Amino acid sequence: KPMMLSAAMFVFGLVCLPFGRATVSNPLENMEPLSRSEVEQLLNDLLHNTYRAFDRRDESLVYDRLAASISGELLSDVYVQVRTSMELENQGGARVKVNDVELISGAAVERLENGGLVARCNWIARGSVGHWGHIHQQANEYSALITIQPLDGHWKISGLDLTDEQRSVPDLLAPGKQ
């Protein structure tokens with residue numbers, strides 16, 4: 001008897017299937033464009049998380065942390081760069097430790113059909129570089145066009161076009177100095 005009841009429920013379910021569709025809307029679809037302060041906060045968080053991935057020594061943890069903020073082909077590219085730098089360090093090369101990331105500016109310059117955007121972004125990465133038995137402080141300033149998009153309910157960096165890089169800028173060593 002339970003077997004017949006199960007079979008009947010299965011057939012009933014198949015018959016009702018075309019009528020029982022549920023629609024779930026994407027919460028990121030049709031959302032209002034982000035304000036400038038929201039774009040800046042989003043860029044700041046994504047850049048911060050990306051640099052924090054470098055704090056890990058285990059390669060799988062580095063990859064997982066990067067995947068939380070970066071997607072697609074860019075994720076693979078950044079991961080390979082991280083891996084290469086780790087190999088150089090293991091061979092006695094420079095060890096870089098980023099201590100602070102400061103967003104100077106970030107503004108959307110293009111809205112994308114998928115709900116994402118392209119933003120012009122400037123930031124400073126401050127840290128220490130250790131090599132040849134000594135450590136010195138360094139601050140690099142970067143300018144880029146960064147593409148961010150909503151993926152699986154989270155904003156991620158999907159493109160990065162570095163437009164300028166000023167290496168070891170002494171005037172920028174103290175946070176808040178621009």
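This briefing covers the fold, the nonpolar core, selected residues and the aromatic pairs of one protein. The model is predicted. The protein has four helices and four strands, and their order along the sequence is α-α-α-α-β-β-β-β. Of its 178 residues, 34% count as buried.

**Overall fold and surface**

- The helices precede the strands in the sequence, following the pattern α-α-α-α-β-β-β-β.
- Among contacts in the protein with a separation of 6 or more, 57% are between residues 24 or more positions apart.
- The exposed surface of the protein comes to about 11,700 Å², and 55% of that area is supplied by carbon and sulfur atoms.

**Nonpolar core**

- The largest nonpolar core contains 30 residues, and the members that touch the most other members are L43, L66, W123, I146 and I148.
- At least two residues of this core come from each of the helices α2 (36–52), α3 (59–67) and α4 (72–90), and likewise from each of the strands β1 (95–111), β2 (117–131), β3 (134–151) and β4 (154–166).
- Helix α2 makes the largest contribution to this core, with six residues.
- Leaving aside residues up to four places away in sequence, I148 touches L42, L43 and L46, as well as G116, L117, W155, K156 and I157.
- One of the residues touched by I148 is L43, which is itself listed with I148 among the core members that touch the most others.

**Two residues of helix α2**

- E38 lies in helix α2 and has a relative accessibility of 43%. This value falls between the 20% limit for buried and the 50% limit for exposed, so E38 counts as partly exposed.
- The C-alpha atoms of E38 and A107 are 9.4 Å apart in space, while the two residues are 69 residues apart in sequence.
- T50 also has its place in helix α2. With a relative accessible area of 11%, T50 is buried, because buried means under 20%.
- Not counting residues up to four places away in sequence, T50 touches L66, S69, I70 and I157.
- L66, one of the residues touched by T50, is among the members of the largest nonpolar core that touch the most other members.
- I157 is touched by T50 and is also touched by I148.

**Aromatic pairs**

- A search of the whole structure gives two aromatic pairs.
- One of them is formed by Y63 and Y79, with 5.0 Å from centre to centre and 90° between the planes, and this pair is edge-to-face.
- Y63 is in helix α3 and Y79 in helix α4, 16 residues apart, and the pair links these distant parts of the chain.
- The two partners fall into separate accessibility classes: Y63, at 32% relative accessibility, counts as partly exposed, whereas Y79, at 18%, counts as buried.
- The rings of W123 and Y142 also pair, with centres 5.4 Å apart and planes at 25°, so this pair is stacked.
- W123 belongs to strand β2 and Y142 to strand β3, so the pair ties together parts that are 19 residues apart in sequence.
- Both partners of the stacked pair are buried: W123 has a relative accessibility of 4%, and Y142 has one of 13%.
- W123 also appears among the members of the largest nonpolar core that touch the most other members.

Conventions: Residues are numbered from 1 along each chain as its sequence is written. This is a predicted model: local features need pLDDT of at least 70, side-chain atom pairs count only at pLDDT 80 or more; totals for chains, interfaces and linings use all residues. Side-chain values use heavy atoms; hydrogens and water are left out. A nonpolar core is a set of buried Ala, Val, Leu, Ile, Met, Phe, Trp, Tyr and Cys residues joined through side-chain atoms within 4.5 Å. Buried means under 20% relative accessible area, exposed over 50%, partly exposed in between (1.4 Å probe, protein chains only). Contact means heavy atoms within 4.5 Å. Accessible areas come from the Shrake-Rupley method with a 1.4 Å probe; for residues, only the protein chains shown count as cover. Rings of Phe, Tyr and Trp (its six-membered ring) pair if their centres lie within 6.5 Å; planes under 30 degrees apart count as stacked, over 60 as edge-to-face and the rest as tilted.
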